[in-house]
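Hi,

Here is the structure I promised to pass on. Have a look first, and then read on for what turned up in it.

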Amino acid sequence: MIPSIHKPGSNTAGAISYLYRTGRGHEAHTDPHLVASSDDLAPDPARNPEATFKQLAAYLDLPVEAVDPAERPNQHVWHCSVRAAPEDPVLTDTQWADIARRMVHATGIAPEGDDGACRWIAVRHADDHIHILATKVRQDGTKPRDSYSYKRAQAEARQIEADYGLRRVTPGDGTAAKRPTRAEAEKAHRTGRQRTPREQLRATIRTVVAVSTSQEEFFHLLASSGMKIEVLRFPSGDIRGYKVALDGDTNAGGQPIWFSGSTLAPDLSYPQIRTRLTATEPITAAGARRPNPWHQATAATERIPQHLDQSDDPASQAQIAAFAEALDALPVRAPAHLRPQLRRAALDFERASRSRIQAEHQHARALRGAIRAIARQPTAGDGAGLAMFLDAAILAALAIQRWHSARHHNQQVEATRRTLTDLQAVYAQAASAPLAALTARRPLGPVVENRAEEVRQTIPAHADHILGDPAWPALATALTDAEAAGHDPKRLLEQAADQRTLADARSPAQVLTWRIQRLAQRQVPSPRAQAAMARSTTARPTAGVTPISATPAPGGPSTPGNRQRR
């Protein structure tokens, strides 16, 4: 159950007229009628032919008119809607009446048993919700004590859900983006838009932020993205903010409907965007040797779980925010058939990208810089870079979910759960072509057996799982390609296995395939370096094998290859 306290108004009759309105533009309004009022004596124009909207407005406004005009609040109309979840049963009028009384009591508008409380009415014009209107002058002439009414309404909604056996809505922390209003949703439906202007603007701005490297580029890309933009400045000329409007979205007077960044989402205010853009690594200059940005982004994403295991929450929140930017930017360079699912993943994760913990964005410069480099290069190859990144992103999302759960960020946990489902689905599609291409080049039998023996020697704890994985032929090909480029397959396997545990991977062969491909892009070590690495290898046990002389006593420490790193 979701209570929403709307912006206060000054026109009681106008608010009542909206609640009772039906017909064109208000098709969702069916059989509007009163279900409750402060004393159950309010006239209901829907049930009493002699009652009028004017009489109902006069009933609510009576305490307001009774006080000195100088003491009347400018915005005296209090409006709260309460909506049930789609899967909830249809409640009766009597049940909605009880819910309305509990809401006005919890918010301080009309405490139970208080004869001097504010006057209020509850109107039902659909099966799944009611609207509560009240006037914010008590009948004893004083003001109601309705501070923190939003939080109090949310708390009461959680109790109502438990009492009525309704779907339990995850409580928030006040960092969620504002939902579209009902008027915005109805207007979008009338005009044939799939999303409201608020949602469309928010998604576009998030993508623009994710690919911008400077404030100047951010504003330039916004202006060229099909929206109206106005940059707001101080008298000194310094930028203080911005506002945007969707082209063609106008009010009754034909004027654009503007939204400031902060009203679209807390992290889209100009100060927040400026902080993120100044904490971005510069793009490698043209002509300089450029590392593969997909490899850089994947490496930075693979390090996210390690960052989240530290005790620095602001740094961890920065990693999560940068991960959200990566998801926002991916559709820009993804194949067309994957873009809808990638946009869904970015949209779902948006709620998980923020919490009450303030991010220190300089801690995530590497991932942010790599993503911006990806956005500047054409889509090339067979999609292995995207698949490689998505494989790492799934494990990063698991770590982010655990991090939010440990801090009781319940809405963020749910948002990350949905994102994981999205990422797993899109990864399966993105990985199929590059894995099939590797499998088609599977080496001959003796070579494959050599690769298998290298796996058994290097990663014995996971060898059976890897060799039985359907992606094993692709891994064998990746190892053979690396050997042909001059690399030592066993050394690469060792490095790949040491990067992070394979215990939480659905397909360890796929994880190793992407890591081997990334490691094989590095420069082949010189003969002297290879000799030094060989001496180092003989000086320590093979990963996953404990020397007899060093076998720990029961309960003693585990070996590096066998322990599961978090």
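Before the findings, one term: a cavity here is a set of grid points where a 1.4 Å probe fits but cannot get out. Also keep in mind that this is a predicted model.

**The cavity**

With that definition, searching the whole structure gives one cavity of 30 Å³ or more. How much space lies in the largest cavity? About 30 Å³. Its lining is made up of A329, L330, R333, I371, I374 and A375. Helix 12 and helix 14 each contribute at least two of the lining residues.

**The nonpolar cores**

L330 also comes up in the packing around L390. If you skip the neighbours within four places in sequence, L390 is in contact with L330, L342, L423, V426, Y427 and A430. L390 belongs to the largest nonpolar core, which has 54 residues; together with F323 and L423, L390 touches the most other members.

Which elements give two or more residues to this core? They are helix 6 (197–211), helix 10 (293–302), helix 11 (304–308), helix 12 (313–333), helix 13 (339–349), helix 14 (365–375), helix 15 (384–406) and helix 16 (410–440). Helix 15 provides the largest share, with 13 residues. Another core lies apart from this one: it has 27 residues, including V35, V104, A110 and W120. As general background, nonpolar side chains in soluble globular proteins tend to be buried together.

**The three-stranded sheet**

Now for the strands. One open sheet has three of them, in the order 6-7-8, and the pairing is antiparallel. Strand 6 and strand 8 are at the edges with a single partner strand each, so each has one side left without a neighbour in the sheet. Helix 6, which you met in the core list, packs on this sheet and touches strand 6, strand 7 and strand 8; the direction of helix 6 makes about 125° with that of strand 7.

Here is how the pairing works out:

- Strand 6 (residues 227–233) and strand 7 run antiparallel and are joined by seven bridges.
- Within that pair, I229 has V244 as its bridge partner, and R233 stands opposite I239.
- The two strands form a hairpin with five residues between them, and G237 in the turn has a positive phi of about 100°.
- Strand 7 is joined to strand 8 (residues 259–260) by two bridges, again antiparallel, with S260 as the bridge partner of K243.

Is strand 7 (residues 239–246) mostly covered or mostly open? Mostly covered: six of its eight residues are buried.

**The five-stranded sheet**

There is also an open sheet of five strands, ordered 1-3-5-4-2, with antiparallel pairing. Strand 1 (2–5) and strand 2 (33–37) stand at its edges; each has a single partner strand, so one side of each has no neighbour in the sheet. On average, neighbouring strands of this sheet are turned by 25° against each other, ignoring direction.

What joins strand 1 to strand 3 (residues 77–83)? Four bridges, in the antiparallel sense. One residue pair to look up is I5, whose bridge partner in strand 3 is C80.

Cheers

How values were computed:
Residues numbered from 1 in each chain as written. Predicted model: local features only at pLDDT ≥ 70, side-chain atom pairs only at ≥ 80, totals over all residues. Heavy atoms only, no water. Core = buried A, V, L, I, M, F, W, Y, C linked by side-chain atoms within 4.5 Å. Buried < 20%, exposed > 50% of the residue type's maximum accessible area, 1.4 Å probe, protein only. Contact = heavy atoms within 4.5 Å. Pairing = 2+ DSSP bridges. Axes fitted to C-alpha atoms, helices over the stretch in contact; angles between N-to-C directions. 1 Å grid on protein atoms, 1.4 Å probe; cavity = no way out; pocket = protein on both sides within 12 Å on 5 of 7 lines; lining within 4 Å. Points joined across faces, edges and corners; volume = space filled by probe spheres on them.
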